[in-house]
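User: Could you take a close look at one part of this model for me? I'd like to hear about the charged pairs and aromatic rings there, and how they sit relative to the surface.

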Amino acid sequence: MPNDAVLKLEGKDYSLPTIVGSEGEKAIDVRNLRAQTGFITYDDGFANTGSCLSDITFIDGDAGILRYRGYPIEQLAEQSSFVEVAYLIINGHLPNPTQRRRFGDLLREHSPVHSDMAHLFEGFPIGSHPMAILSALLNSLGCYYPHLATNRPQEDLANFEEAAAIAISKVRTIAAMSYRKSRGLPYIFPKRSLPYCENFLHMMFSMPYEDYVPTPEVASALNLFLLLHADHEQNCSTSTVRMVASSGANLFASTAAGVCALWGPLHGGANMAVIEMLASIHAEGDDGSKFIENAKSGKGGNRLMGFGHRVYRNYDPRAKIIKASFDKALASLGIKDDPLLAIARRLEEAALKDDYFVSRKLYPNVDFYSGLIMRAIGIPQNMFTVMFAIGRMPGWIAHWKEVASNPKNKIYRPRQVYVGPTKRDFVPLEKRG
Ligand code: ACO
């Protein structure tokens, strides 16, 4: 074929087909490479490996482009809402008014958790990390809804609409309950009358004797945060969801695994790590310059958290949107002089002029400002990554569905290049020195 790649190996030529995606992304199809040549590819961290064909999200990291189902993130951030975007990501099209109403009704119907579930929270010690609780309780949903978690993809797909609504709605209820548990506060029941974000804030911050009513600006800042996190193609947690799904595991088990993968500081934990970094810079009386020098030298394992991205070699478009909405949100919250914000702005300005960061194409990612937004709207620090998980749920669900409904699905099973000891004989314990 004229566009095939030609690979020369041990004196022989092999022809490898190429694939071009709908946005012109090019790939060499190596699916038959091992059978043809005996070789496998080696790609530590999968930076050059396409693990699937997907029609959910498009990213051009060099140009700083992000689109959900073809729609630019800027347009969605400006004109849509998290719930509408969740529908879009899961179903592939924007809902018409009837579909939108039905989706909202399903989310409302599924917002409370089974009363037995409250007992699960009691088993966790005070101070348990809410990500651990979230992952465990999401997985347990399969026990409360066994007909939605058969681990037979065709059967699970038949009830997909209900399972997806349960996951999106309950992730928020479980998150709020884990916060209340960590503070020793009574659980607050969801209210049917409230929209998605307002209901979450109600479950987080209301008291039995007084309702918490967020300002429209706070609710819209949360809405924007969730919408911007709704999907991001084959990142660490989504790849984890797909990997678990590829074995035929149900939606709840697969997304619970996604929560675990998201937890780490190099992924979803970065928003929390950014605030910790800013607070420690502030506590040390540094203006940020000492920290930048340490981050450049790698001293003490420091990195400039919230900077750099595996895919974006340009400004993360989500960071641009958050930054642009930031001043409005802070003004509406009456926050004028946040010392951590001042440090963040200085760090960003300094890094964007510094050859170390410029030459490595390290720009602010979404987490650089998202932690500050969360902090401003009163979300406690150990809940930041949980907030990310609530936002990412629609993406995980859409990817689970893509895997489960692929008639040619193969279990994810990478190979390795073994570099350990060659064959050796067992030595009995008494003869070992
Ligand atoms: N601060 C200082 N140096 C950095 C940073 C950083 N934040 N990020 C990368 N570098 C340097 C590396 O030390 C390396 O330098 P070298 O070439 O001299 O060895 C070079 O840039 C390339 O770094 P890699 O780790 O190879 O880049 P990779 O693409 O694997 O990592 C990652 C991307 C994990 C996001 C990284 O940039 C990082 O650790 N950033 C901070 C954590 C963070 O903000 N994570 C959130 C990611 S976005 C998200 O999950 C929503």
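Analyst: Lys-323 and Glu-348 form a salt bridge, with their closest N and O atoms 3.4 Å apart. Keep in mind, as we go, that this is a predicted model. Lys-323 belongs to helix α15 and Glu-348 to helix α16 (residues 339–353), so this contact ties together parts that lie 25 residues apart in sequence. The two ends differ in exposure: Lys-323 is partly exposed because its relative accessibility is 33%, whereas Glu-348, at 4%, counts as buried.

Stay with helix α16 for a moment. Glu-349 also forms a salt bridge, here with Lys-353, and the closest N and O atoms are 3.8 Å apart. This one stays inside the helix: the two residues are 4 positions apart in α16, which means about one helical turn separates them. Both Glu-349 and Lys-353 are exposed.

Helix α14 offers a similar arrangement. There, the side chains of Lys-296 and Glu-293 meet in a salt bridge at 3.3 Å, N to O, and being 3 residues apart in α14, they are likewise separated by about one helical turn. Lys-296 is partly exposed at 25% relative accessibility, and Glu-293 is partly exposed at 44%. This pair is not on its own, since Glu-293, Lys-296 and Asp-354 are linked in a network of salt bridges. Across the whole structure, a search finds 18 salt bridges.

Now for the rings. The whole structure has 11 aromatic pairs. In one of them, the ring centres of Tyr-315 and Tyr-363 are 6.4 Å apart with planes at 40°, so the pair is tilted. It links distant parts of the chain: Tyr-315 sits in the loop between α14 (289–297) and α15 (317–332), and Tyr-363 in the loop between α17 (355–359) and α18 (366–376), 48 residues apart. Tyr-315 counts as buried, at 13% relative accessibility, while Tyr-363 counts as partly exposed at 25%.

Another pair is made by Tyr-356 and Phe-357, whose ring centres lie 4.9 Å apart; their planes are at 70°, so this pair is edge-to-face. Tyr-356 is partly exposed, with 23% relative accessibility, but Phe-357 is buried at 3%. Both residues belong to one aromatic cluster, together with Phe-307, Phe-368 and Tyr-369.

Methods: Residues numbered from 1 in each chain as written. Predicted model: local features only at pLDDT ≥ 70, side-chain atom pairs only at ≥ 80, totals over all residues. Heavy atoms only, no water. Phe/Tyr/Trp six-rings, centres within 6.5 Å; stacked < 30°, edge-to-face > 60°. Buried < 20%, exposed > 50% of the residue type's maximum accessible area, 1.4 Å probe, protein only. Salt bridge = Lys/Arg side-chain N within 4 Å of Asp/Glu carboxyl O.
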